[in-house]
Every structure is written in structure tokens, then in C-alpha cells.
Amino acid sequence: MGFLHRHRGLTPYLLLAPGVVWLGLFFLVPLGFLAYQSLESGSIDFGYAFSWSWGNYWNAIRNYRGHFERSLEYAGIATVLALVVSYPVAYWIAFRGGRWKNLLLLFIVAPFFVTYLIRTLAWQTILADHGLVVRTLHHLHVLGSTGRLLNTATAVVAGITYNFLPFMALPLYVSLEQIDGRLIEAAEDLYASRWKAFLRVTLPLSLPGVVAGTLLTFIPAAGDFINAQLLGSPTNHMIGNVIQSKFLELTDYPAAASMSFVLMAAIIVAVLAYARAVGTEQLTG
Amino acid sequence: MAVEPRVAPAPAGQTGPRIVDVRLEGVTKRFDDVVAVDDLSLEIEQGSFFALLGPSGCGKTTTLRMIGGFEEPTSGTIFLGDRDVVGLPPYRRDVNTVFQSYALFPHLSIFENVAFGLRRQGAERKGLRGRVLEMLHLVELEGMERRKPRQLSGGQQQRVALARALVCSPRVLLLDEPLGALDLKLRKQMQLFLKRIQHDIGITFIHVTHDQEEAMTMADRIAVMNKGRIDQLGSPDELYERPETPFVAGFLGVSNLLPGTVAGADVVRLDDGTQVHVAAEALQGRTGRVAVGIRPEKIRIDGGDANTLPGTVSESAYVGVATQYIVETGSGRLTVYVQNVRPGAEGAAPGDRLTLSWSPDATFVVDSTEGSA
Ligand SMILES: Nc1ncnc2c1ncn2[C@@H]1O[C@H](COP(=O)(O)OP(=O)(O)OP(=O)(O)O)[C@@H](O)[C@H]1O
Ligand SMILES: [Mg+2]
């Protein structure tokens with residue numbers, strides 16, 4: 001105790017220490033190892049050796065550019081869809097939920113009680129060629145008589161949207177729930193219609209939730225491979241599928257590692273562009 | 001015991017027709033099984049500073065919220081000017097509110113907070129800046145327009161809330177305990193400040209408060225509310241000098257209430273047999289059991305007025321401007337304030353017997369307090 005008393009300035013660092021050690025051991029060290037691996041060359045039979053093989057990166061981009069683009073595109077569309085679907089739900093629970101709030105939140109999280117894989121397999125059934133959804137769409141002539149949903153981009157995006165919905169809905173709910181209802185009354189008192197009050201007060205005040213939800217959805221979605229694997233055809237495969245197969249099936253570790261880094265860079269660029277567009281001032285101010 | 005609100009005539013010296021800005025007719029608001037506002041009728045004249053005064057939970061906020069459009073009455077009608085506004089949303093009503101919590105928009109600058117209403121009204125861009133700055137000047141906040149609300153003190157935020165509501169030049173400004181969160185000194189300053197602004201711009205103010213001193217200081221007219229109804233409505237001095245119910249007598253200042261029975265056109269006989277003379281109009285046709293009221297500072301201990309009552313001093317306390325005595329009499333315990341006019345003058349001491357006296361004009365009569373709360 002005497003030590004801490006004499007060195008009070010150290011306390012914050014001591015409190016931070018477990019987190020820093022954890023992050024160092026389980027994130028930074030593997031990341032460094034992955035970076036090392038991404039610059040190796042060789043083959044699984046003769047072994048890989050470090051050789052500054054920057055070519056791995058060029059190959060990744062040259063050969064799999066389409067996969068990268070598709071990943072960002074599907075993740076982007078799914079994020080927007082999740083936002084559009086979650087916002088009204090989160091809004092409704094936050095402002096109209098009353099004493100049912102916690103129960104309704106539980107419903108949002110409920111799918112998480114089932115494993116990811118099973119949830120996605122369930123969508124296989126839902127979107128199956130002779131399933132109710134497809135038959136209804138045929139009936140309504142939304143889909144042509146040979147049209148299908150399974151093994152299409154639509155199915156993959158729908159799957160991603162569904163699987164990541166709670167990541168979007170919960171931060172949205174938290175930020176909406178914090179908004180003081182009297183601010184909305186004040187806006188209406190100052191001649192703002194319901195809609196204007198929403199646009200000028202509720203929406204800006206919920207932006208931190210929008211940003212958090214968007215990042216929590218987009219980032220993992222861009223690296224996802226389960227949805228493309230189970231709900232899409234090979235033409236819908238995302239970069240996650242390639243990385244997964246290189247790592248686990250082809251054991252081409254340098255290629256997989258370099259692709260992971262390219263994906264990471266792409267995500268960082270996308271996130272930075274997004275943060276700029278939303279305006280950090282809005283978020284911190 | 002329900003007392004009908006007695007709407008006093010317009011203040012003397014008024015010229016031209018009386019214009020009523022706000023009129024409530026038989027307004028009732030029920031929340032499930034709670035009657036928050038009970039068959040309330042009320043007229044508020046243009047340009048007046050009107051206070052709704054009453055204890056916690058008597059329905060002041062609910063009344064204000066119904067005028068603002070945040071609650072709809074269960075029954076009854078609300079007029080703003082000639083227009084029946086029941087059913088109109090807040091943004092279609094020509095009133096603005098200063099909320100107790102201020103409710104400033106945290107994401108907007110002070111300038112944008114004040115400009116909010118003008119922008120929604122579609123004010124011209126050119127004139128807008130000038131009007132906002134002028135209003136900030138009025139509330140003595142020039143130079144603050146770029147700050148965010150959380151960078152201001154409580155008193156400054158309060159003035160932003162005021163500026164934001166006033167800049168739209170509403171027909172009526174509603175203020176719900178706007179000074180509640182301020183410390184005493186700032187409160188006193190803001191009371192005078194609000195009064196001055198109201199006087200200068202001439203907009204009708206409806207000010208909700210549970211602080212009788214605040215209401216007396218600021219308002220031209222006060223409605224004293226009790227359990228969802230108006231007990232009495234009048235000018236501060238009318239309410240103080242001529243309270244009409246025991247509740248009003250007790251809520252505004254200290255009062256001595258002595259039970260008795262009406263025994264003539266201008267006489268009430270107390271229970272110990274003492275005859276008290278009152279002004280005939282103070283009885284207002286009451287008969288039977290009543291209570292006679294006298295304010296502590298209207299009672300003399302040196303005799304000389306028409307009504308007298310013998311008693312014994314049980315306590316005395318020197319409080320600077322006055323000395324307060326508690327005097328036990330055959331009709332109950334009375335509080336008496338005697339002004340300390342001459343230095344060193346000998347007052348009465350506990351145990352002294354003396355005769356209290358007061359004039360019939362200083363006597364008011366209210367319904368008996370027996371059998372009610
Ligand atoms: N939304 C509501 N739901 C249920 N009851 C309510 C609601 N609003 C007010 N009440 C009840 O109506 C009554 C009057 O409330 P109101 O807020 O008008 O009182 P007030 O005079 O403003 O009191 P205070 O001085 O404490 O602010 C109270 O009994 C209160 O509990
Ligand atoms: Mg209130």
C-alpha cells in the first residue's frame with residue numbers, strides 16, 4: 001500500500017496493465033506473426049521461409065480484386081439495410097416501449113441464443129427454391145418462374161443483414177434511449193413538426209449510435225464467409241471465403257495472411273472515409 | 001369543500017376593451033384515476049404577468065402543458081385569443097415554453113438554439129441573424145453565441161431558454177418553475193429580470209411556481225391552485241388582504257384563523273363569546289360557522305382598535321425588523337408581529353397579560369376549517 005501511496009500517478013497505469021497485456025499477447029503478437037507470415041514464400045511441402053515477398057500482396061489484389069470489392073459491397077449494403085430496419089425498431093422500443101422495453105430488447109438479442117451456423121442454415125430453408133418465400137414471390141410475379149433466391153447475392157446480403165442486426169439495433173437503442181423526451185417537446189414547442197423535430201433533434205442526437213452500429217456491423221460483415229458459403233453460389237463468394245480456404249484447405253499461409261492485411265487496410269480506409277463524411281465534430285461535440 | 005373561483009373585475013384604470021389571450025373553460029384532465037386538473041375555468045388578459053401558484057401536485061404543470069399542447073384535456077375547451085386550440089399540436093400553437101429543465105438542444109450552439117424556432121417558422125435568412133443577436137443582447141448573453149449549452153452556467157442556460165422562447169414573439173409565454181434550479185440570490189435577480197423583460201416587451205407571461213413570494217413579487221394576477229382547482233384568483237394584495245379560503249389564507253403568508261359563528265351583518269362571535277367586527281362585504285353572505293382571519297402584522301398589543309382579545313404572551317422572538325409574539329387567547333393561539341419602530345422600546349415578555357386589538361377592515365372571513373383538511 002505504501003508504494004501506491006507514494007506513487008499515486010502510477011495508479012491509472014496499473015489499472016490499464018491487464019488490458020494492455022491482454023491486447024499485446026492475444027492481438028498484437030499474433031498480428032505481428034501474421035505480418036511476418038504474409039511476407040514468406042515457399043510451399044507447405046517444403047516449408048515457408050521469410051523472404052520479403054511483397055509479391056504476395058500484389059497477387060492477392062490482382063487475383064482477388066473482385067472478391068474484395070464484393071466483400072465491401074455486400075457488407076455496405078447489409079449495413080445500410082440493417083440500419084434502415086433497426087432504426088425504427090430501436091426508436092419504437094426506446095420511446096414507446098414503456099415497461100416492455102427489456103422484453104423487447106430480449107427479442108432483438110434472441111437469435112443470438114442460437115449458433116451462427118444454425119441461424120444461417122435456417123435461412124437456407126427460408127429461401128429454399130420451394131420454400132414459402134420463393135413461392136409467394138413467384139405468385140406475385142416479383143420473381144420470374146425460374147427465379148430463385150438461394151445461391152444469389154440477395155440471399156447473401158439478406159443473411160448478413162439478419163445475422164448482424166443486433167449489432168446495429170443495440171447501439172441505436174442505447175443512443176435513442178438516452179435522448180431526453182423534453183428536448184423533442186421543446187422542438188415541437190418551437191414550431192417543429194414531428195418530422196422536423198426528428199430530423200433536427202432526435203436524429204443528430206442518435207448519430208453516435210448510428211456510427212457505433214454501422215462500424216460494429218460493417219467491419220465483421222466485410223470479413224464474413226459463412227453467409228456467402230451457405231446462402232450464395234461461388235460467384236457470390238467474398239474475400240473471407242478465399243482466406244478461409246487458403247488457410248484451412250490449401251494451407252497457403254502467406255497468401256491468406258497477405259489477403260487478411262489487404263482486407264484490413266480496405267476496411268480502415270472505408271471507415272475513415274465514413275467518419276469524415278459523418279463529421280467527427282457531430283460525434284464529439 | 002369546493003369554492004367557486006371568483007374572477008375579479010379587470011384592474012381599474014384600464015382603457016379600451018379587455019383582450020383575453022388565454023381562456024380555459026371547464027378544463028378537466030384525468031390521468032387514469034388521478035384528476036390532475038378539475039373543471040378549471042380561467043381568463044388571462046393580454047399583456048399580463050399571470051402566476052399559477054400552488055403546492056406540489058396541485059396540477060400547475062398539467063394546466064400549463066395543456067395550454068402548450070403537450071397534453072390534451074379530458075374535457076373542456078382552451079382558447080388562445082378567439083381560437084379553440086384543443087387538438088392542435090404544440091407546433092401549431094402560438095405559445096412558447098421555458099421548461100424547468102431548460103431543455104436546450106445539446107448538439108446546437110447557443111445561436112442555433114435561439115434561431116431554432118425562427119428557422120422552423122421559415123424566417124428570412126437575412127433578418128434572422130439580427131433578431132437572434134438582438135435577443136441574446138436582451139438577455140445579456142452577447143458573445144456567447146458560438147458556445148454549446150453545456151459550456152454555460154445554470155443561470156446563463158436559463159436565459160438562453162428564455163431567449164429561445166421569446167425570439168418567436170409568441171402570443172403567450174409559458175414558464176414552468178423556470179427559476180427552480182437557481183440559488184436564492186440568482187433567483188431574486190432573475191425574478192426582477194423576468195419582470196422587467198415582460199414589462200418591456202408586453203407579451204403575456206404565465207408563470208408556474210410553488211413559491212408564494214416569487215408569485216407576489218412578479219405577477220399582476222395570481223391564481224392559487226389547490227387539488228386541481230383554482231381556490232382564488234386576484235392581484236397579490238387582494239389575495240393577501242382578502243383571502244377567501246382557509247387554504248389561500250394559509251398558503252400566502254402567515255395568518256391567524258379563529259373559529260366562530262356569524263352573528264349579524266358585520267359581526268362574528270368567537271367560541272369564547274368575543275364579538276369580532278368585520279367589514280360587511282368580507283362576510284359575502286356567509287352564515288353559520290366561519291373562521292375569522294387576521295394577519296400577524298395587523299394586530300396591535302397596545303390597544304386602540306375596535307376588535308379586542310385578551311391573552312397571555314407565551315413566546316417572544318426578536319427578528320430584527322419586528323418582534324414575533326405567540327399569544328394564547330380564549331379562542332386559540334395567535335401570532336403577532338410588532339414592528340421595532342423605536343430603538344430600545346420595551347416589548348412584552350413571556351407571561352405578560354395583554355389585550356390584542358385590530359381594526360375591522362384588517363379582518364377577513366373564510367369558510368370554517370372544521371371538518372375539512
Ligand atoms: N403523465 C402523468 N401520468 C399520471 N399522472 C400524472 C401525470 N402527470 C401528472 N400527473 C399527476 O397529476 C397531478 C398534478 O401534477 P402536476 O405535474 O400538474 O403538478 P404540479 O402542480 O406541477 O406539481 P409540482 O409543483 O410538484 O411540479 C399529480 O398528482 C401527478 O401525480
Ligand atoms: Mg410542476
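**Aromatic rings in chain A and the ligand shell in chain B**

A:F50 is partly exposed, because its relative accessible area of 30% lies between the limits of 20% for buried and 50% for exposed residues. This residue is a convenient place to enter the structure, which is a predicted model. The ring of A:F50 belongs to an aromatic cluster that also takes in A:Y36, A:W52, A:W54 and A:Y57. Over all chains, a search of the whole structure gives 19 aromatic pairs. In one of them, the ring centres of A:F50 and A:W52 are 5.0 Å apart and the planes meet at 70°, so the pair is edge-to-face. A:W52 is also paired with A:W54, and here the arrangement is stacked, with 6.4 Å from centre to centre and 20° between the planes. The relative accessibility of A:W52 is 56%, so this residue counts as exposed. A:W54, by contrast, is partly exposed, with a relative accessible area of 47%.

Some wider features of chain A help to place this cluster. The chain holds 13 helices and two strands. Its C-alpha trace spans about 80 × 75 × 35 Å along the principal axes. Of the 285 residues in chain A, 40% are buried.

Attention now turns to chain B and to ligand 1. Which residues surround ligand 1? The shell consists of B:F31, B:V34, B:A36, B:P55, B:S56, B:G57, B:C58, B:G59, B:K60, B:T61, B:T62 and B:E177. Sorted by class, these are five nonpolar, five polar and two charged residues. Two elements of chain B, β2 (34–45) and α1 (60–68), each provide at least two residues of the shell. Helix α1(B) makes the greatest contribution, with three residues.

Several polar atoms of the protein lie close enough to ligand 1 to count as contacts, which means N or O atoms within 3.5 Å. A polar backbone atom of B:G57 is 2.7 Å from an oxygen atom of the ligand. B:G59 also takes part through its backbone, where an N or O atom lies 3.0 Å from a ligand oxygen. B:E177 uses its side chain instead, with an N or O atom 3.5 Å from an oxygen atom of ligand 1. Taken alone, the ligand exposes 640 Å², and the protein buries 61% of that area.

Helix α1(B) deserves a second look. Is this helix mostly covered or mostly open? It is mostly covered, as seven of its nine residues are buried. They are B:K60, B:T62, B:T63, B:L64, B:M66, B:I67 and B:G68. Two of these buried residues, B:K60 and B:T62, also belong to the shell around ligand 1. B:T63 is another residue of the helix, and its relative accessible area is 0%, so it is buried. The side chain of B:T63 reaches the backbone oxygen of B:G59 at 2.7 Å, and B:G59 in turn contacts the ligand through a backbone atom. After α1(B) comes B:G69, with a positive phi near 100°.

Positive phi values also appear in chain B in residues other than glycine, including B:D32 and B:Y102. For B:D32, phi is near 50°, and the residue sits in the loop between β1 (20–31) and β2. B:Y102 has a phi near 70° and lies in the loop between β6 (95–98) and α2 (110–120). Are these two loop residues buried or exposed? B:D32 is exposed, because its relative accessible area of 77% is over 50%. B:Y102 is buried, because its relative accessibility of 7% is under 20%.

Chain B also offers examples of a charged side chain placed over an aromatic ring. The charged end of B:R164 sits over the ring of B:F105, at 4.8 Å from the ring centre. In another example, B:R295 lies over the face of B:Y240, 4.1 Å from the centre of the ring.

Key. Residues are numbered from 1 along each chain as its sequence is written. Chains are lettered from A and ligands numbered from 1 in the order in which they are written. Side-chain values use heavy atoms; hydrogens and water are left out. Rings of Phe, Tyr and Trp (its six-membered ring) pair if their centres lie within 6.5 Å; planes under 30 degrees apart count as stacked, over 60 as edge-to-face and the rest as tilted. Buried means under 20% relative accessible area, exposed over 50%, partly exposed in between (1.4 Å probe, protein chains only). A charge sits over a ring if NZ of Lys or CZ of Arg is within 6 Å of the ring centre and within 35 degrees of the ring normal. A residue is near a molecule or strand if one of its heavy atoms lies within 4 Å of it. A polar contact is a pair of N or O atoms within 3.5 Å; within protein, one must be able to donate a hydrogen and the other to accept it, and residues adjacent in sequence count only if both atoms are side-chain atoms. Accessible areas come from the Shrake-Rupley method with a 1.4 Å probe; for residues, only the protein chains shown count as cover. Helices (H or I, at least four residues) and strands (E, at least two) are DSSP runs, numbered from the N terminus. Ala, Val, Leu, Ile, Met, Phe, Trp, Tyr, Cys and Pro count as nonpolar, Asp, Glu, Lys and Arg as charged, and the others, Gly among them, as polar.
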